[in-house]
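Student: Can we go through how the labels on a structure are earned? I'd like to see the cut-offs next to the values.

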Amino acid sequence: NSSAWKKRRKAYRNAHPLCERCLSKGIYEPSTCVHHKIHISEENCHDPRILYDGSNLEALCDKCHAEEHNTTKNVYVFDAETGMLVDIKRRDE
């Protein structure tokens, strides 16, 4: 939730107003979020290439984003004020 991320996310969604996965299937669905292709982890949570580089970002709709994270084992939680990694939770395996 850093100001740098909010600015980057807004710019990316302005450039990609449609869900990139749906669009690749010929479906025109508005994007609702910006997803990190390489998921954020303890090891890379301060790497600007992982966090902000367009090659690691993907505009997704809620459905595609939910499908992506249903297969993810680790969920990383960040403090809303500081943007620091504060907790790691495991999903059911």
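Student: Why is Trp5 called buried or exposed?

Tutor: First, a caveat: this is a predicted model, where local features need pLDDT of at least 70, side-chain atom pairs count only at pLDDT 80 or more, and totals for chains, interfaces and linings use all residues. Residues are numbered from 1 along each chain as its sequence is written, and side-chain values use heavy atoms, with hydrogens and water left out. Now the label: buried means under 20% relative accessible area, exposed over 50%, partly exposed in between (1.4 Å probe, protein chains only). Trp5 has 13%, so Trp5 is buried.

Student: What makes Tyr52 count as it does at 26% relative accessibility?

Tutor: That 26% falls in the in-between range, so Tyr52 is partly exposed.

Student: How do you know which kind of aromatic pair Trp5 and Tyr52 form?

Tutor: Rings of Phe, Tyr and Trp (its six-membered ring) pair if their centres lie within 6.5 Å; planes under 30 degrees apart are stacked, over 60 edge-to-face, and the rest tilted. A search of the whole structure turns up one aromatic pair. Trp5 and Tyr52 sit 6.5 Å centre to centre with 40° between the planes, hence tilted.

Student: Why is the pair said to tie together parts that are 47 residues apart in sequence?

Tutor: Because Trp5 belongs to helix H1 (residues 3–15) and Tyr52 to helix H3 (residues 48–52). Helices (H or I, at least four residues) and strands (E, at least two) are DSSP runs, numbered from the N terminus. The protein has four of each, in the order α-α-β-α-β-α-β-β.
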